[in-house]
Amino acid sequence: MKFFSTNKQAPKVGFQEAVMNSLPPDNGLYFPEHIPLLSETVLRHFRQMSLPEIGYEMVKPFVGTAIESNELKTIMEEVLSFEIPLIQVEENIHSLELFHGPTYAFKDVGARFLARCLGHFSQSKGKETTILVATSGDTGGAVANGFLGIEGVSVIILYPSGKVSDLQEKQLTTLGGNITALEVNGDFDNCQALVKQAFLDKELNQKLNLTSANSINIARWVPQSIYYAWLLTQLEQKISPVIAVPSGNYGNVTAGMLAKKMGFPLGKFLACSNANNIVPRYLATEKYEQKPTVSTYANAMDVSLPSNFGRMQALYNNDYKAICNDVVGFSMSDQDILETIKLCQNQAGYLLDPHGAIGYKGLKTCLKAGGQGVFLETAHPIKFAPTMEKALGYSLTIPTFAKELIDKEKVATKVEANFKAFKELLIDH
Ligand SMILES: *Cc1c(COP(=O)(O)O)cnc(C)c1O
């Protein structure tokens, strides 16, 4: 399979190069030359297959010969080694819980797959790779965790001191092994700036063979499509469900659209956002207009210019009408998020997190005329404890995994938000 850049100003590349480059040189997005339709056999029998088996069938057409089949099978078993259960919330509404992975958020699958692909490619080149990531909390944790124990790759993760939650900090600083945490005396923008400058520094690049684990990497995008086939295996009724996806950069929901194009019987997509609702506004008006980013309770979706929007357009050949036929926009306020969490807990006994709440409410609104729906629960509610307390009026019991994590000892190297100090540290590393 070849991948082109959505900006059309860069050469087509194979899977390995697309993964290693992350971004095409023209700053577009890599996109598959054609969408592979899965075989009759797979589409007829996937309901009897295991999660890693489905995963293998879905990524194989994209990976092609870049990774040998048996190795790819092993990779999929490692990537998909935790449960992704579908829970019935109401008669016609199910929740696909994507938070049972190591960092309790859905990004684990994409991060783990990218890590294994990069590990494979750097080992076959016989050259150690260093991944640099700046994080404001969540994403970096999934990336760092995804790379834990991958041979041939070491990860350096920068986070702003005092600006991530306790749980997030422990997720970043207790991994050990090939993961090093740097606690930066500054904010997220300082961390990001240090990483950007490092990529421009010739000496560092030569010494450390630097790579990013960018969220738009094709190896993070494609495996998310597996969720959508997997939810179908767990639904009893065979009517195509409406799928509500809490969205920020629109990677997850566009991967769902990819699964549909590959042949899985999925219904319409509900593109769910918080107050940062550029895509729902686009769907309503055909105008794509950025507004300043607003902070919300569903903060993993506080994105004003979604990085995967180009993929949504490419999936529908840039045809606005075709997009609107398949995708419906929904957005809601912080106040509604709190009320929805409370209402769902009281009426259905199901605990939503602030992101999943938008998906649930979107379905309630859209399914008034009937049909069945699935929303994706993208994170564990305990990750948003203060918001949950505001919504419910009481604090959540801390689950065992969180207690164990909080009790672990933090290991981080402090660094000033100063490139010279940072560079010296990297070279000594
Ligand atoms: C990243 C994230 C999202 C948004 O996913 P996109 O693929 O960026 O649209 C939603 N919820 C949670 C909890 C996340 O971490």
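# Two sheets, two buried residues and a pocket

Biologist: Let's start with the open sheet of 5 strands: what is the strand order?

Modeller: This is a predicted model, and in it the 5 strands form an open sheet with parallel pairing. Reading across, the order is β8-β5-β6-β7-β13.

Biologist: And which strands stand at the edges, with one side left without a neighbour?

Modeller: A strand with a single partner has one side left without a neighbour in the sheet, so we look for strands that have just one partner. Those are β8 (210-211) and β13 (413-416).

Biologist: Which residue is the bridge partner of Asn185 in β13?

Modeller: Strand β7 covers residues 179-185 and runs parallel to β13, with 4 bridges joining the two. Asn185 takes part in this pairing, and its bridge partner in β13 is Glu416.

Biologist: What angle does helix α8 make with β5?

Modeller: Helix α8 (residues 188-200) packs on this sheet, where it touches β5, β6, β7, β8 and β13. Helix α6 (residues 138-147) also lies across β5 (129-134), β6 (153-160) and β7, at about 160 degrees to β6. For α8 against β5, the angle is about 150 degrees.

Biologist: On to Thr103: is it buried or exposed?

Modeller: Thr103 sits in the loop between β4 (93-97) and α5 (107-124). Beyond its neighbours within four places in sequence, it is in contact with Asp108, Gly141, Ala142, Asn145, Gln171 and Lys383. Buried means under 20% relative accessible area. Thr103 has 2% relative accessibility, so it counts as buried.

Biologist: What is the strand order in the open sheet that 6 strands form?

Modeller: Here the pairing is mixed. The edge strands, β3 (86-90) and β11 (327-331), each pair on one side only, and neighbouring strands are turned by 25 degrees against each other on average, direction ignored. The full order is β3-β4-β12-β9-β10-β11.

Biologist: Which residue in β10 does Ala244 stand opposite?

Modeller: Strand β9 (residues 242-246) pairs with strand β10 (residues 269-273) in the parallel sense, over 4 bridges. Ala244 stands opposite a β10 residue, Leu270.

Biologist: Which strands does helix α12 lie across?

Modeller: Helix α12 spans residues 251-261 and runs at about 175 degrees to β10. Helix α13 (residues 278-285) packs on the sheet too, touching β10 and β11, and makes about 130 degrees with β11. The strands that α12 lies across are β9, β10, β11 and β12 (373-377).

Biologist: How about Leu266: buried or exposed?

Modeller: Leu266 is in the loop between α12 and β10. Not counting residues up to four places away in sequence, it touches Tyr228, Leu232, Ser240, Pro241, Ile243, Gly256, Ala259 and Lys260. With 5% relative accessibility, Leu266 counts as buried.

Biologist: How far is the C-alpha atom of Leu266 from that of Met76?

Modeller: Along the chain, the two residues are 190 residues apart. In space, their C-alpha atoms are separated by 23 Å.

Biologist: Last topic: which element gives the most to the lining of the second largest pocket?

Modeller: That pocket has a volume of about 250 Å³, and among the 17 residues that line it, Phe31, Gln313, Ala314, Leu315 and Asn317 are closest to its centre. The lining divides into 8 nonpolar, 6 polar and 3 charged residues. Two elements, β2 (30-32) and α14 (309-315), give two or more residues. With 4 residues, the one that gives the most is α14.

Terms used
Residues numbered from 1 in each chain as written. Predicted model: local features only at pLDDT ≥ 70, side-chain atom pairs only at ≥ 80, totals over all residues. Heavy atoms only, no water. Pairing = 2+ DSSP bridges. Contact = heavy atoms within 4.5 Å. Axes fitted to C-alpha atoms, helices over the stretch in contact; angles between N-to-C directions. Buried < 20%, exposed > 50% of the residue type's maximum accessible area, 1.4 Å probe, protein only. 1 Å grid on protein atoms, 1.4 Å probe; cavity = no way out; pocket = protein on both sides within 12 Å on 5 of 7 lines; lining within 4 Å. Points joined across faces, edges and corners; volume = space filled by probe spheres on them. Nonpolar A, V, L, I, M, F, W, Y, C, P; charged D, E, K, R; others polar.
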